[in-house]
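The exercises below go with the structure shown next. Work each one before reading its solution.

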Amino acid sequence: MKKSVLCRSLVLWGMAFTGGAAPVWAAGTGLPLMTMTVGTGGAQEYTVPIQILVVMSALTLLPAALMMMTCFVRIIIVFSLMRQALGLQQAPSNQVLIGLALFLTFFIMRPVLDQINSRALQPYLQGQMPAGQALDVAAVPMRQFMLKQTRQDDLALFVRLSHQPRPQSLNDLPLSTLIPAFATSELKTAFQIGFLIFIPFMIIDLVVASVLMAMGMMMLSPLIISLPFKLMLFVMIDGWGMIIGTLAASYGL
């Protein structure tokens with residue numbers, strides 16, 4: 001009995017996928033879920049399933065876009081250097097630092113995301129703008145954000161390495177040139193902030209090492225003695241607030 005029911009089910013599924021689709025192919029109309037229409041001005045419009053497929057494929061590039069087109073790189077590098085300056089290995093853990101960096105990234109990028117939502121996403125969802133035009137409109141706030149944070153030297157470097165004609169203005173720069181220049185500038189700024197963070201903690205390590213050497217306790221690791229003092233200094237000056245405030249101020253907040 002179970003085998004007969006299974007066979008009937010397979011036959012019904014086969015009819016649905018073959019016999020049901022045969023009239024569509026015979027009529028020469030193609031699959032209704034995979035069609036393309038040409039709008040005014042030659043713009044091509046695809047059906048919703050194809051757009052969903054493209055969006056799901058683009059989600060694989062979301063981590064790279066998050067790191068290379070936002071302030072995430074600068075924040076996570078500064079947090080990592082701060083942990084090394086304190087002499088801590090696993091506190092805070094990588095998960096905590098990444099989570100804090102993500103939420104701080106969304107906080108700093110909120111004005112840009114609001115512009116993308118109001119100018120591109122909402123008109124697209126309401127059917128007032130095609131997908132291609134929505135992507136072009138959404139790229140404008142991101143381009144302005146990256147240009148504001150990119151050094152001129154880095155832009156000139158990647159324009160020279162691309163071997164392309166020099167653009168007439170900054171708005172003519174392709175994203176393939178702007179994104180690596182922006183990422184390089186973020187790395188430089190992050191290391192500069194990290195250097196300033198290292199200085200006070202390095203002074204504490206030098207003082208502790210000098211005192212231990214003067215007392216003849218050279219076998220005792222200076223890190224064991226300096227760690228409590230560095231933690232106390234970090235708490236007394238509200239280190240987390242200063243670092244987060246410095247990162248936000250570096251983006252004009």
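**Exercise 1.** Which residue forms a salt bridge with Asp-154, and how far apart are the closest N and O atoms?

Solution. The model is predicted: local features need pLDDT of at least 70, side-chain atom pairs count only at pLDDT 80 or more, and totals for chains, interfaces and linings use all residues. Residues are numbered from 1 along each chain as its sequence is written, and side-chain values use heavy atoms, with hydrogens and water left out.

Step 1. Apply the rule for a salt bridge: a side-chain nitrogen of Lys or Arg within 4 Å of a carboxyl oxygen of Asp or Glu. Asp-154 pairs with Lys-188, and their closest N and O atoms are 2.7 Å apart.

Step 2. Place the partners, taking helices (H or I, at least four residues) and strands (E, at least two) as DSSP runs numbered from the N terminus. Asp-154 is in helix H9 and Lys-188 in helix H10, 34 residues apart, so the pair links distant parts of the chain.

Step 3. Classify the exposure, where buried means under 20% relative accessible area, exposed over 50%, and partly exposed in between (1.4 Å probe, protein chains only). Asp-154 is buried at 2% relative accessible area, while Lys-188 is partly exposed at 37%.

**Exercise 2.** How many salt bridges does the rule give? Describe the remaining pairs.

Solution. Step 1. The count comes to 3 salt bridges.

Step 2. Arg-74 and Glu-186 meet through their side chains at 2.5 Å, N to O. Arg-74 lies in helix H5 and Glu-186 in helix H10, so this pair ties together parts that are 112 residues apart in sequence. Both Arg-74 and Glu-186 are buried.

Step 3. Lys-230 bridges to Asp-205, with the closest N and O atoms 3.3 Å apart. Because Lys-230 lies in helix H11 and Asp-205 in helix H10, parts that are 25 residues apart in sequence are tied together. Lys-230 is buried, with a relative accessible area of 1%, whereas Asp-205 is partly exposed at 22%.

**Exercise 3.** Which residues does Lys-230 touch, not counting residues up to four places away in sequence? Relate them to the packing of H11.

Solution. Step 1. Contact means heavy atoms within 4.5 Å. On that basis Lys-230 touches Ala-85, Leu-86, Gly-87, Phe-201, Ile-204 and Asp-205, not counting residues up to four places away in sequence. Ala-85 is 145 residues from Lys-230 along the chain, and their C-alpha atoms are separated by 8.9 Å.

Step 2. The buried residues of H11 are Ser-226, Lys-230 and Phe-234. An α-helix has 3.6 residues a turn, so residues three or four places apart point the same way. The cover over the buried residues of H11 includes H5, H10 and H12.

Step 3. Check the length of H11, using an expected span of 1.5 Å times one less than the number of residues. The 15 residues of H11 (residues 222–236) should span 21 Å, and the end C-alpha atoms are 21 Å apart, which agrees. After H11 comes Asp-238, with a positive phi near 55°.

**Exercise 4.** Which residues of the largest nonpolar core touch the most other members, and which helix gives the most to this core?

Solution. Step 1. A nonpolar core is a set of buried Ala, Val, Leu, Ile, Met, Phe, Trp, Tyr and Cys residues joined through side-chain atoms within 4.5 Å. The largest has 44 residues, of which Ile-75, Phe-79, Phe-145, Ile-197, Ile-243 and Leu-247 touch the most other members.

Step 2. Elements giving two or more residues to this core include H5 (72–86), H10 (175–214) and H12 (239–250). H5 gives the most, with 11 residues.

Step 3. Take Ile-197 as an example: not counting residues up to four places away in sequence, Ile-197 touches Val-78, Met-82, Ala-85 and Ile-243.

**Exercise 5.** Where is Gln-149 found, and is Gln-149 buried or exposed?

Solution. Step 1. Gln-149 is found in helix H8. The relative accessible area of Gln-149 is 12%, so this residue is buried.

Step 2. Leaving aside neighbours within four places in sequence, Gln-149 is in contact with Arg-74, Phe-182, Ser-185, Glu-186, Ser-250 and Tyr-251. Two of these contacts, Arg-74 and Glu-186, form the salt bridge of Exercise 2.
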